[in-house]
Amino acid sequence: MNGQDQNQRGHWGSKLAFIFAATGSAIGLGNIWRFPMVVGKYGGAVFVFVYILAVALVGFTVMLAEMTIGRHTQRNAIGAFEKIKPRTPWKIIGALGLLTSICILSYYSVIAGWAVGYFVKTVSGTFKGGITSQLSEQIYTNFVSNPLMTTVCFFAVIGITTFIISKGVQSGIERWTKILMPVLLLLILYLAIKALTLPGAGQGVSFYLKPDFSKLNGTVVLFAFGQAFFSLSIGMGIMITYGSYISKSDNLVTSAGWVSFSDTLVAFLAGIIIFPTLFAIPGIEPTAGPGLVFKVFPLIFSKIPGGNFFGILFFTLLLVAAITSTISLLEVSVAYFIDERNWSRKKAAYLLGGFAFLLGIPSALSSGGMKLFTDIDFMGKFDIIFANISLAVGALLICIFVGWIWGIKKPVEEVRSGNPRFKIRLLWLFSLKFFSPIVLIIILIFIKKIITG
Ligand code: TRP
């Protein structure tokens, strides 16, 4: 019944391992696929501006709060609330997180499956010798509307994730992230430089970085916050679960700061690759939606020397980044069933992974694979409900719980372990108790109006 069964739960092998795992969770498709998509759709630079504020002012606050709960209780996302406030409804926050994580996992793995498909395409030379934007559009549409291909690739992603999770946290996550994340960062830097030097890149740079404040509205704010939570992996207890594995001597503030910073950097650089390329090679609109990144990256690979090699490298690393995130999405509920329901790790992994697969099938078929799901835009709806609304609700409740219910003394004490001076204490408390909840409440009040336009 308790969370101390270390053989089942595992713990981080080294001090840095937590940082790598949390960064691995944060950095993923959210940065490279979703960020450019929402920036393109919701106004360009002005979105980027609101996004950075959302990360710095609210995202960081919530991340630190989640890590604090996790390390203090040493529990999973539901058990943690039960431990702090036993027999109260607060554990609903954790239950909401569990639901959200499985639902996000279901469609996230579909997109990761697209990366598998694109990896195979690149290896087999589909993009060799240069392609036009029309051709890129066509390749994309043919691929995502093929029900068999998308489902098989999706299955592969869920399968790999389930397998890694069934083997346990330590051997599963650590090994991957340590080596491959730095390589991903280098590759992205290189591609960003290449994109910036394409002739005609300037227009893309100003779309991306020169804000037009007349485009600022509720929709931009809602989606910028949703994207911030999604990208940082907060609002549903991931950082509680991961925080439960952190050692008492680690500094939570710098940990949360590092994860937020590196995550934002990667998203920022992904935009630097996408938008200049988009404007330098016309034919694809910034508002292209989920296909944006998949249509644009092959274009850049067809324009640079050694493009096919970089293409293979890119889709490999994108997949690794995605899988370190799917692992975190699955681990939330797996940790719960191990701790509180006494399931074995294997059983929890296979049952929950299987469930996520079934749940994701409509998403896999909603880009042309099956008319019914395409017409209702199943994946798009799921994304709005879970990535925007549910994460915002989760973040709000976490702020209220730590800022008002738990009592300030305990969380501050917890952060002080490993960081005795805790210099930003007052700022954090202000954001936690007042600023963040108020912003989130305003967003949630207007959500219906924003979504229905
Ligand atoms: N942050 C990941 C990404 O950017 C996705 C993700 C992993 C996530 N775990 C999460 C999103 C928890 C929300 C909540 O790709």
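1. Where does the ligand sit? In this predicted model, the ligand sits in the largest cavity, and a search of the whole structure finds one cavity of 30 Å³ or more. The space in that largest cavity comes to about 140 Å³. For a reader new to the structure, the ligand site is a convenient place to begin, and the open pockets can follow.

2. The lining of the largest cavity is made up of 19 residues, and those lying nearest its centre are S25, I104, F230, S233 and L329. Two or more residues of this lining come from each of helix 2, helix 3, helix 6, helix 11 and helix 15. Sorted by class, the lining of the largest cavity holds 12 nonpolar residues and seven polar ones, with no charged residues.

3. Turning to the ligand itself, there are 16 residues around it, and A26, G30, Y108, F230 and S233 are the ones that come nearest. Helix 2, which spans 15–26, helix 3 (29–41), helix 11 (218–232) and helix 15 (307–341) each contribute at least two residues to the shell around the ligand. This shell is divided into eight nonpolar and eight polar residues, and no charged residue belongs to it.

4. Polar contacts to the ligand involve both side-chain and backbone atoms, and they are best taken one by one. In the side chain of Y108, an N or O atom is 2.4 Å from an oxygen atom of the ligand. A polar backbone atom of L29 is 3.1 Å from an oxygen atom of the ligand, and a nitrogen atom of the ligand lies 3.1 Å from a backbone N or O atom of S231. On its own the ligand has 360 Å² of accessible area, of which the protein covers 100%.

5. The largest pocket should be kept apart from the largest cavity when reading the model. About 450 Å³ of space lies in this pocket, and of the 24 residues that line it, K41, P290, D377, M379 and G380 are the closest to its centre. Helix 3, helix 6 (92–123), helix 7 (133–144) and helix 18 (378–405) each supply at least two residues of its lining, and helix 18 gives the most, with seven residues. The lining of the largest pocket includes five charged residues, alongside 16 nonpolar and three polar ones.

6. Which residues line the second largest pocket? They are I19, F20, T23, I27, M181, P182, L184, L185, W258, S262, L265 and V266, and the space in this pocket is about 210 Å³. Helix 2, helix 9 (169–196) and helix 13 (252–280) each provide at least two residues of the lining. By class, the lining of the second largest pocket has 10 nonpolar and two polar residues, and no charged ones.

7. Some helices recur across these sites, which may help in following them on the structure. Helix 2 supplies at least two residues of the shell around the ligand, and helix 2 also supplies at least two residues of the lining of the second largest pocket. Helix 3 likewise gives at least two residues to the ligand shell and at least two to the lining of the largest pocket.

Technical notes. Residues numbered from 1 in each chain as written. Predicted model: local features only at pLDDT ≥ 70, side-chain atom pairs only at ≥ 80, totals over all residues. Heavy atoms only, no water. Near = heavy atom within 4 Å. Polar contact = N/O pair within 3.5 Å; in protein donor to acceptor, adjacent residues only side chain to side chain. Areas by Shrake-Rupley, 256 points an atom, 1.4 Å probe, with all protein chains shown as cover. 1 Å grid on protein atoms, 1.4 Å probe; cavity = no way out; pocket = protein on both sides within 12 Å on 5 of 7 lines; lining within 4 Å. Sits in = over half its atoms within 2 Å of the grid points. Helix = DSSP H or I, 4+ residues; strand = E, 2+ residues; numbered from the N terminus. Nonpolar A, V, L, I, M, F, W, Y, C, P; charged D, E, K, R; others polar. Points joined across faces, edges and corners; volume = space filled by probe spheres on them.
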